[in-house]
Structures are given as C-alpha cells and as structure tokens.
Amino acid sequence: PLSDDQVIPLRNKFEKCKVLLIDETSMIDSIFLWKIHVRLQQIKDNNTMPFGGMVILLVGDFFQLPPVTGNPFYVSAMGDIPDKYVGTTYEFGLDLLKQFKIITFGHQYRSEDDQHTARINQMRDMTIDNNPIDQNLIDSFQILSSEDVKSDPSWLAAPVVVASNAERHALNVTQAKRYAMANGVPVLRWKKKLLMADDLGDPLCDIIYDNEPSLTGLFVEGAPAILNNNLNATDGLANGTPLILHSVLLPEDEDSVRYREMISNAQPGTIIDIPVPHAVIASVPSIDNAKWTSKHKSLIEGQVVIPFVNKRHLGDTVTLSKDQTLTYKSHGIDLAFAITFHKIQGQTKEKVILDLNQRPGRLSHVDYHGLYVGWSRVKHAANIRVLPCQNDDNFEHLLQLKPNTDLKQWLNTIPHLQPTL
C-alpha cells in the first residue's frame with residue numbers, strides 16, 4: 001500500500017476523476033489489472049467496489065503484441081487456471097476481467113489506402129482456415145534500395161523496426177553515422193555515468209562499457225529520437241514520445257572551449273567523444289506549443305524545445321548477473337533510427353522499414369503479432385519498406401506465422417456488445 005504522503009496527492013489528483021481509460025490493453029496481464037484495481041481502491045478510499053468505484057475502459061487491439069512477461073488476457077481466460085495460480089493475483093485479476101463488457105469496432109482508421117486496409121483486415125480475419133500471412137502479402141513487399149534514399153532522402157530517418165534491443169543498438173550507431181554524414185554534422189558520443197563506478201574500478205568499468213551498448217550516449221543534430229520514460233505524461237512527455245535532437249549543453253569548465261571547437265571543426269560523420277552533457281535539448285513535435293507554453297517554458301519561440309537533464313530514470317539499469325544490477329544516469333532519450341516492434345506499438349509513422357529476416361540462434365524472432373504491429377503503423381502501403389532477405393528462403397518463414405490459437409477461440413466465445421457510434 002501507498003503511504004499517506006504518497007496517496008494524498010493522488011487522491012487530490014483523482015478527486016473528480018470518474019473514468020480511467022487504459023490503452024494498449026494487449027500488453028497487460030491479469031496480475032497487472034489486479035494491481036490497478038487495488039491501487040485505485042486505496043486512492044479512492046473505497047474497498048467495496050471494483051477499482052474503487054471508477055469506470056474502467058480497456059482499449060486495445062489484441063492482434064497486437066502481448067505482454068513482455070505474463071500472459072495476455074485471451075490466454076489466461078481460456079481453459080482451467082493452473083494449480084500454482086489458484087488463489088493468487090493471477091486468478092483475482094481474471095475474475096475482474098470477466099466483469100467487463102466487450103465492444104468490437106470494425107473500422108480501420110489509421111490506414112488511408114484501400115489495398116493497405118484490405119491486407120491489415122486479412123491479417124485479422126479469424127475465419128481464414130489457412131494462415132493469414134500468405135504469399136500475396138510477401139509478394140507485395142517493397143525491398144529497401146539505394147534508389148529509395150536517392151529519390152526520397154527522408155528514408156534515411158525512417159525507423160528500422162527490429163525484434164531485439166541488441167539489433168536496435170547496433171543499427172542506431174550505423175544509421176547515426178550515415179545520417180550525420182548526409183547532413184554535414186558529427187556524431188557526439190559519451191559514456192553514461194555508472195553510479196557505482198568508483199567501487200567497481202576502471203578495468204571492470206571498461207569491460208562493462210564495452211559490452212553494454214545502453215551505457216553509451218549518442219547525439220546527432222536533427223536526428224529522430226524517442227523518450228524512454230514517462231517524464232510528464234500529463235503534458236505529453238510519455239514513454240515513446242518522438243523527439244528531434246537539437247543541441248547539447250556541455251559542462252562549463254576549462255575543456256569546454258576545446259570541445260566546442262572540436263565539434264564545429266569536425267568532418268561530417270566523425271565520432272567525437274565528449275563529457276556527459278548537462279542536458280540534451282530536443283524539440284517535441286507532438287506537443288501543441290500553445291498548451292505547453294501556458295504552463296512551461298520553451299527555448300525557442302513558436303515550438304516546444306526543451307532540455308532533458310542528465311539524471312537517474314526508472315529503468316536506467318544494466319544486469320551483470322542474476323544477483324547484480326547496476327544503475328546509471330541518462331537523459332531519458334534514445335536514438336530512433338531503429339526501434340523494436342514493442343516500442344513502436346501505438347505509434348503512427350510517416351514511413352517504416354521492417355526487418356523481417358529469420359534470426360539465427362537464440363535471437364528474438366519476428367512473430368505474427370510483431371509483423372501485424374509493424375505493418376499497420378503507416379497510413380499507406382507505399383510508405384513501408386522491407387530490408388532485403390539475408391538467406392535463400394525469400395521470407396517463406398513468414399508463411400508459418402499465425403495468431404495465438406487462444407485468441408481465435410476467445411474472440412469466438414466472449415459476448416460482444418454492438419458499438420452505438
């Protein structure tokens with residue numbers, strides 16, 4: 001339970017709140033639903049009503065990605081509860097889920113392309129006996145080429161959607177150099193501050209930095225980036241918010257003039273190692289300037305340009321072993337030349353580049369739900385490119401992808417209400 005100091009501000013915030021909308025429901029499980037219920041009961045000081053008496057709207061597309069850990073609702077709801085979950089928050093959350101009424105909306109609002117809409121609807125069609133990913137879809141792939149970039153340079157900044165963070169880090173470095181070269185600017189690089197570095201010693205720290213790409217900060221002026229934390233979700237600074245990198249604020253010391261000269265004289269695409277910036281300054285195109293400046297300041301008139309300071313954020317950790325985790329400081333920002341299928345869910349993009357190759361060994365693979373998310377991020381099919389196939393199967397492995405069988409069964413058995421809109 002929350003302490004009095006924690007719960008009183010939340011009670012004031014939720015005092016007039018009657019309805020709570022929870023988006024991207026495919027990514028939460030019954031245990032998380034139960035935690036929301038318990039927390040709201042405490043905030044509303046009402047232990048007799050589900051969710052403290054609040055109206056809860058769960059909104060989402062269950063064809064999208066399931067929770068990273070835990071089971072999606074449709075898996076938990078089908079079949080008997082395993083013995084180990086009986087009498088736990090897993091079962092309690094399922095009991096809450098059974099109280100919800102289901103309303104299904106059938107119109108695709110993101111797509112503005114009839115053929116694109118038809119392909120998305122085919123991927124959602126549970127009446128198809130064969131797999132919804134067919135050869136016609138694969139034959140429609142437009143493979144990324146150098147001609148794409150020559151005819152439309154904006155493909156340089158289009159996110160490459162990948163299955164794992166390891167691929168994301170590697171591609172962000174590669175694309176940062178290419179983008180910097182094309183735009184006549186250098187790549188700035190720094191080591192993020194490990195909070196226990198003095199206790200570890202320099203040799204061990206060097207090994208950690210060499211093996212943990214998340215500990216390296218990168219900046220390219222004008223490059224796309226993304227927030228990786230909820231900094232101020234109420235005003236639009238939420239995990240996943242797109243940014244455009246503007247500048248960095250370096251420490252003011254005897255070396256600051258030298259670093260500024262190195263940056264201004266650098267050749268395009270050169271990597272320059274710098275001290276950890278006090279702040280990374282970025283614009284936030286998705287936030288309305290008038291709304292923002294009514295409560296906050298912006299560094300540039302007419303647009304939302306703000307500093308993101310170097311501090312400890314939730315999730316700023318690296319795992320060395322099962323029993324040892326290190327924390328660090330960051331600016332809460334990642335480059336967005338590459339992004340995972342999980343991170344791009346819920347976003348609408350002008351263009352996307354999908355990596356649908358079959359991964360070797362134990363690397364994460366693209367599954368049906370990931371492909372569906374990636375394919376449905378744009379308004380027009382012409383704005384999707386696919387990275388070239390790296391083996392001889394010509395993407396035939398995608399023909400085996402299908403939605404979870406529990407999803408099909410769940411959608412066919414749960415009661416539905418018809419939308420009134």
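Student: In this predicted model, what is the order of the strands in the open sheet of five strands?

Tutor: The model is predicted, not experimental in origin. The sheet is open and its strands pair in antiparallel fashion. Read across the sheet, the order is β11-β10-β8-β7-β14.

Student: Which strands stand at the edges of this sheet?

Tutor: An edge strand here has a single partner strand, so one side of that strand is left without a neighbour in the sheet. This applies to β11 (305-309) and β14 (333-335).

Student: By how many degrees are neighbouring strands of this sheet turned against each other on average?

Tutor: The angle is taken with direction ignored, and it is an average for neighbouring strands of this sheet. The value is 45 degrees.

Student: Which residue in β11 is the bridge partner of S283?

Tutor: Strand β10 covers residues 279-283 and runs antiparallel to β11. Five bridges join these two strands. The partner of S283 in β11 is V305.

Student: Why is the pair of W34 and F92 classed as tilted?

Tutor: The count of aromatic pairs comes to 12. For W34 and F92 the ring centres are 5.1 Å apart and the planes stand at 50 degrees. Planes under 30 degrees apart would count as stacked and those over 60 as edge-to-face, so an angle of 50 degrees makes the pair tilted.

Student: How many residues apart are W34 and F92?

Tutor: W34 belongs to helix α2 (residues 30-43), whereas F92 belongs to helix α4 (residues 89-97). The pair thus links distant parts of the chain, and the separation is 58 residues.

Student: Where do W34 and F92 fall between buried and exposed?

Tutor: Buried requires under 20% relative accessible area and exposed over 50%. W34 has 21%, and F92 has 31%. Because these values lie between the two cut-offs, W34 is partly exposed and F92 is likewise partly exposed.

Student: How many residues apart in sequence are the parts tied together by F63 and Y372?

Tutor: The ring centres of F63 and Y372 are 6.0 Å apart with planes at 45 degrees, so this pair is tilted. Both residues are buried. F63 lies in the loop between β2 (55-58) and α3 (73-77), and Y372 in helix α14 (residues 368-375), so the parts tied together are 309 residues apart.

Student: Which residue lies over the face of W155?

Tutor: A charge over a ring is also found at Y259, where R258 lies 4.7 Å from the ring centre. Over W155 the distance to the ring centre is 5.5 Å, and the residue is K351.

Key:
Residues are numbered from 1 along each chain as its sequence is written. This is a predicted model: local features need pLDDT of at least 70, side-chain atom pairs count only at pLDDT 80 or more; totals for chains, interfaces and linings use all residues. Side-chain values use heavy atoms; hydrogens and water are left out. Rings of Phe, Tyr and Trp (its six-membered ring) pair if their centres lie within 6.5 Å; planes under 30 degrees apart count as stacked, over 60 as edge-to-face and the rest as tilted. Helices (H or I, at least four residues) and strands (E, at least two) are DSSP runs, numbered from the N terminus. Buried means under 20% relative accessible area, exposed over 50%, partly exposed in between (1.4 Å probe, protein chains only). A charge sits over a ring if NZ of Lys or CZ of Arg is within 6 Å of the ring centre and within 35 degrees of the ring normal. Two strands pair if DSSP finds at least two bridges between them. Axes are lines fitted to C-alpha atoms, for helices over the stretch in contact, and angles run from 0 to 180 degrees between N-to-C directions.
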